[in-house]
Amino acid sequence: MATTYTFDVFSSLDGWGGIRGGDWGGYWGKQGPELLAHRLAQYATDQRMIFGRNTYQAFTQMLESDTEEAIRDPWVTRMVSLPATVVSTTLAGPLDWRDATLANGDAVDVVAALKQESDVPLRSHGSLSMNRALMAAGLVDRIQLTIFPVITGRTGDDPIFQGAADFDLEMIESRTLDGRIQELVYQPRLHG
């Protein structure tokens with residue numbers, strides 16, 4: 001029996017997954033206690049994280065810059081403690097992640113096998129190009145899109161769905177966090 005795979009991603013209202021330059025700060029400076037508690041609850045259950053090379057390297061750089069674990073948000077600390085698979089054709093081990101496995105190969109093949117073998121749900125936070133390929137292959141069961149109330153037209157970086165296939169989305173859940181952040185959960189189906 002196949003397990004579920006969730007593509008979990010943060011976005012500005014105009015569809016950017018990150019920023020280059022500017023003075024926004026993490027979460028575009030809009031996080032609040034409700035968002036942080038909700039994220040911690042989502043990461044409290046057993047699951048396996050899936051990262052592409054770029055996101056894995058970005059996370060390890062960010063975590064290296066934290067001088068004290070206490071300054072990290074609790075959900076990030078929990079995410080780092082979960083088992084992870086890093087998919088790459090260019091990285092070599094060992095990985096700088098407590099319980100990470102390097103899977104050399106095509107992400108579609110790796111995730112298809114993991115979905116069949118894993119006893120726990122799979123989740124990927126970020127890893128945009130990898131997740132677009134997984135969506136096109138029909139391997140993403142849920143897109144969890146958290147939209148922050150900002151437009152980053154000048155400083156936006158990493159367009160989330162640019163170059164993706166066309167999809168119809170069925171809404172599974174929606175919620176407002178801290179009175180301003182939207183979390184939308186969809187089941188994607190290739191259009192056509």
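**A tour from strand β1 to the largest pocket**

Four bridges join strand β1 to strand β6, residues 122-125, and the two strands run parallel. The model is predicted.

Select Thr-6 in β1 and Arg-123 in β6: these two residues stand opposite each other.

Next, add residues 142-148, which form strand β7. This strand also runs parallel to β1, and seven bridges join the pair. To find one of these contacts, pick Ser-12, whose bridge partner in β7 is Phe-148.

Now show the side chains of β1 alone, residues 5-12. Tyr-5, Phe-7, Val-9 and Ser-11 point one way from the strand, while Thr-6, Asp-8, Phe-10 and Ser-12 point the other way. Are the residues on these two sides buried or exposed? All of them are buried. Because eight of the eight residues of β1 are buried, the strand is largely enclosed by the rest of the structure.

Move on to the largest pocket, which has a volume of about 1,200 Å³. Its lining consists of 38 residues; select Gly-17, Thr-55, Ala-58, Phe-59 and Gly-126 to see those closest to the pocket's centre.

Then colour the elements that each supply at least two residues of this lining: β1, β2 (16-19), α2 (53-65), α3 (74-81), β4 (84-88), α5 (128-136) and β8 (156-159). Which of them gives the largest share of the lining? That is α2, with six residues.

Last, colour the pocket lining by residue class: 16 residues are nonpolar, 15 are polar and seven are charged.

Technical notes
Residues numbered from 1 in each chain as written. Predicted model: local features only at pLDDT ≥ 70, side-chain atom pairs only at ≥ 80, totals over all residues. Heavy atoms only, no water. Buried < 20%, exposed > 50% of the residue type's maximum accessible area, 1.4 Å probe, protein only. Pairing = 2+ DSSP bridges. 1 Å grid on protein atoms, 1.4 Å probe; cavity = no way out; pocket = protein on both sides within 12 Å on 5 of 7 lines; lining within 4 Å. Points joined across faces, edges and corners; volume = space filled by probe spheres on them. Nonpolar A, V, L, I, M, F, W, Y, C, P; charged D, E, K, R; others polar.
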